[in-house]
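These are my notebook entries on a structure I was asked to examine. I looked up its pockets, its cavity, its helix contacts and its strands in turn.

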Amino acid sequence: MKLEERDWNNSKSRPKNPEATCNGYKITNELVRYEGALTRALSLQPEVSKSNLAEFKKLFISILSPANGKEVKEYDFFAYFDAYLQKIKERKQSNYKAYRTCYNRLTKYFKSSSVPFDKIDMKFYEAFSQHLISKNLATNTIATQWKLIKAVMQSAFVAGLHTNEKFRHFKKKMESADTIFLSEEELNKMYELKLIGYLEKARDYFLIGAYTGLRFEDWNRISSEKVVNGVLTVRSSKTGELSTIPIHPVVSAILDKYNGELPNKPSNQKMNEYIKVVAMRANI
């Protein structure tokens, strides 16, 4: 299919005119059809290399034009979710762990590796909600699960893999959270504690977060090399934005202690556990 360059919207990768045709076919419709077939093929065969490229091509063609190839097993929710996970991981998105946790919770709940898209309905919504509540998960944690499930279902819907729109009625019930902050005096109490091992490391990272305002994912991106004339320059792993932050003396002292390169960072979950112990020892 061909289109004059002046009629192409480069930012959207679509014709400027949605009704544009070529050889009797609407170009936009054909692009969506090919993209949908490619997404389905990648879900069934996520790993593509030179050695299996011919096999992948056959799979792709059989989905694009079933009459030209063998019948392909219908997509299911978990197959697509798994492919969705791989894309997030490849892009090194900061929400990969959240999606992985959600995926694991779902597979344990269904006790199956294959679930049709049409099973993700209101009956599932009610049952899985009760299941999550029985696990004593916080209201906002449960709301996050539904947010992620809806995102996966929406992506698969746009790709043309299913027509089940029940997911649009899944409600994300949030509750307001109390925001607690520490005073500089309390932060100093933490800093002055004599700690060793994992508690010392957790305390140091926590203070870095407190004095830079950076997200947890970016704490270990800090190093002495990124500090010039007392200013830290670091790019956010989530938004890609560049931040310039005046370096606090405590942060400088922590970097000096580790010779400019911070040690391995605890996981978010462990960090939450350790810092509570640190706070108790500081009588906070």
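**Entry 1: the second largest pocket.** I worked from a predicted model, and I began with the second largest pocket, whose volume is about 420 Å³. I noted that 15 residues line this pocket, and that Ile 180, Phe 206, Met 271, Asn 272 and Ile 275 are the closest to its centre. I then asked which helix supplies the largest share of the lining. Helix 10 does, with six residues. Helix 7 (184–192) also supplies at least two residues of this lining. Sorting the lining by class, I recorded twelve nonpolar, two polar and one charged residues.

**Entry 2: the largest pocket.** I next looked up the largest pocket and found a volume of about 990 Å³. Its lining has 22 residues, of which Ser 94, Lys 97, Ala 98, Glu 217 and Asn 268 are the closest to the centre. Three helices each give at least two residues to this lining: helix 4 (96–110), helix 6 (139–158) and helix 10 (268–281). The largest share, five residues, belongs to helix 4. How many residues of each class, nonpolar, polar and charged, are in this lining? I recorded four nonpolar, eleven polar and seven charged residues. Helix 10 thus appears in my notes for the largest pocket and for the second largest pocket.

**Entry 3: helix 4 against helix 6.** Since helix 4 and helix 6 both contribute to the largest pocket, I looked up how they pack. For any such pair, the description consists of the angle between the axes and the distance between the axes. Here the angle is about 90 degrees and the axes are 10 Å apart. Angles of 65 to 115 degrees count as roughly perpendicular, so helix 4 and helix 6 are roughly perpendicular to each other. On the side of helix 4, the contact is made by Ala 98, Tyr 99, Cys 102, Arg 105 and Leu 106. On the side of helix 6, I listed Thr 141, Gln 145, Leu 148, Ile 149, Ala 151 and Val 152. By class, this contact has eight nonpolar, two polar and one charged residues. I also noted that Ala 98, a residue of this contact, is among the residues closest to the centre of the largest pocket.

**Entry 4: helix 1 against helix 3.** I repeated the procedure for helix 1 (residues 27–44) and helix 3, whose axes come within 8 Å and cross at roughly 90 degrees. These two helices are therefore roughly perpendicular to each other. Thr 39, Leu 42 and Ser 43 of helix 1 meet Ala 79, Tyr 80, Ala 83 and Lys 87 of helix 3. I counted the classes as four nonpolar, two polar and one charged.

**Entry 5: the cavity.** I then asked how many cavities of 30 Å³ or more a search of the whole structure finds. The search finds one, with a volume of about 30 Å³. Its lining consists of Thr 39, Tyr 80, Ala 83, Tyr 84 and Lys 87. Helix 3 (residues 77–90) gives the most, with four residues. I recorded three nonpolar, one polar and one charged residues in this lining. Thr 39, Tyr 80, Ala 83 and Lys 87 line the cavity and also take part in the contact of helix 1 with helix 3.

**Entry 6: a sheet.** Finally, I looked up an open sheet of three strands, in the order 5-6-7, with antiparallel pairing. Strand 5 (227–228) and strand 7 (242–246) are the edge strands, each pairing on one side only. Strand 5 pairs with strand 6 (residues 231–235) over two bridges, and Val 227 stands opposite Leu 232 of strand 6.

Definitions and conventions:
Residues numbered from 1 in each chain as written. Predicted model: local features only at pLDDT ≥ 70, side-chain atom pairs only at ≥ 80, totals over all residues. Heavy atoms only, no water. 1 Å grid on protein atoms, 1.4 Å probe; cavity = no way out; pocket = protein on both sides within 12 Å on 5 of 7 lines; lining within 4 Å. Points joined across faces, edges and corners; volume = space filled by probe spheres on them. Nonpolar A, V, L, I, M, F, W, Y, C, P; charged D, E, K, R; others polar. Axes fitted to C-alpha atoms, helices over the stretch in contact; angles between N-to-C directions. Parallel < 35°, antiparallel > 145°, perpendicular 65-115°, else oblique. Contact = heavy atoms within 4.5 Å. Pairing = 2+ DSSP bridges.
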